[in-house]
Amino acid sequence: MATLDDLVASLAQEATAVKPAPHPFALSLRWIGAAAIYLAVALAFSGLRPDLMEQLNAPWFAAEIAALLGIFVATALSAALLAFPDLHQKRGLALAPAWTFALFLLVLFFAAGADTPPAALPVHSFECTLGITLMALLPAAWTFYAMRGFASTHCRLAGSAALLSAFSAGALWLRLHEATDSIAHVIGWHYLPMLGIGLLGLWLGKRLLKW
């Protein structure tokens, strides 16, 4: 009995305190706050589009920005929930991006219909997708790094949500910076690439978040 008591006492002394995991809401707020600071700094360097205040008074542009912001917040929250094995019993919130993307598509549909006659296409094209992707690299990196400290059992979905959150932050930056009124250009080179980003996130999630 003495030997067993000694063993228990020894193990108790060797045990190290485990820092409790943050709540997913707190975790997502950290990511959102960091991305907001990153976005503000990027806009300070790149500058805002000169007609931004005028455009924000245009209902469909304002709705587009609001819906894009909704995607950014929803995917950040979803990634935080998906980082936990049990989704913190909030499966509905983890799947919230599906609803925000549906709303975003509806906004773009009406915005495209209101773009009559169509605004002139800018002279550039793929440069926008490249710029958004480069802007998304840093937020994606810190999100994946943080998520590796948890035990996700939904690695693919978690990776997809993380990349979509980072890409939507980059898309917000470019939409607030680039003086482009062509909805056709914005859909084709700003938003359609999100499909590929989401698929890439599924692959990266399996590679980087599997444990």
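In this predicted model, helix α4 makes the largest contribution to the lining of the second largest pocket, namely four residues. That pocket encloses about 190 Å³ of space. Its lining comprises 14 residues, and those nearest the centre are Q55, W60, F61, D181 and I183. The elements that give two or more residues to this lining are α4 and α6. By class, the lining of the second largest pocket divides into seven nonpolar, two polar and five charged residues.

The largest pocket holds about 440 Å³ of space. It is lined by 20 residues, of which P97, A98, F101, L164 and M194 lie nearest its centre. Five helices each supply at least two residues of this lining: α4 (59-82), α6 (96-114), α8 (155-177), α9 (183-191) and α10 (193-208). Of these, α6 provides the largest share, six residues. The lining of the largest pocket contains 17 nonpolar and three polar residues, and no charged residue.

Besides the pockets, the structure contains one cavity of 30 Å³ or more. About 70 Å³ of space lies within this cavity. Among the 13 residues that line it, W31, F72, T143, S165 and A166 are the closest to its centre. Helices α2, α4, α7 and α8 each contribute at least two lining residues, and α8 gives the most, with four. The lining of the cavity consists of 11 nonpolar and two polar residues, with no charged residue.

The aromatic side chains offer a further view of how the helices are connected. The count of aromatic pairs comes to five. One of them joins Y38 and W142: the ring centres are 5.9 Å apart and the planes stand at 85°, over the 60 degrees required, so the pair is edge-to-face. This pair links distant parts of the chain, since Y38 belongs to helix α2 (residues 24-46) and W142 to helix α7 (residues 126-147), 104 residues apart. With a relative accessibility of 23%, W142 counts as partly exposed.

A second pair is formed by W60 and F110. Their ring centres are 5.5 Å apart and their planes lie at 10°, so this pair is stacked. Because W60 lies in helix α4 and F110 in helix α6, the contact ties together parts that are 50 residues apart in sequence. Both partners are partly exposed: W60 has a relative accessible area of 34%, and F110 has a relative accessibility of 39%. W60 and F110 also belong, with F109, to one aromatic cluster. W60 is in addition among the residues nearest the centre of the second largest pocket.

Helix α7, which carries W142, merits separate attention. At 1.5 Å a residue, its 22 residues should span 32 Å, and the end C-alpha atoms are 30 Å apart, which agrees. The helix bends by about 35° at L137, and a proline, P139, follows within four residues. The buried residues of α7 are C128, T129, G131, I132, M135, A136, P139, A140, T143, F144 and M147. An α-helix has 3.6 residues a turn, so residues three or four places apart point the same way. Within the buried set, T143 is also one of the residues closest to the centre of the cavity.

Notes: Residues are numbered from 1 along each chain as its sequence is written. This is a predicted model: local features need pLDDT of at least 70, side-chain atom pairs count only at pLDDT 80 or more; totals for chains, interfaces and linings use all residues. Side-chain values use heavy atoms; hydrogens and water are left out. On a 1 Å grid over the protein atoms alone, a cavity is a set of points where a 1.4 Å probe fits but cannot get out, and a pocket is an open set with protein on both sides within 12 Å along at least five of seven lines; lining residues have an atom within 4 Å of a point. Grid points are joined across faces, edges and corners, and a volume is the space filled by probe spheres set on the points. Ala, Val, Leu, Ile, Met, Phe, Trp, Tyr, Cys and Pro count as nonpolar, Asp, Glu, Lys and Arg as charged, and the others, Gly among them, as polar. Rings of Phe, Tyr and Trp (its six-membered ring) pair if their centres lie within 6.5 Å; planes under 30 degrees apart count as stacked, over 60 as edge-to-face and the rest as tilted. Buried means under 20% relative accessible area, exposed over 50%, partly exposed in between (1.4 Å probe, protein chains only). The expected span of a helix is 1.5 Å times one less than its number of residues. The bend at a residue is the angle between axes fitted to the seven residues ending there and the seven starting there.
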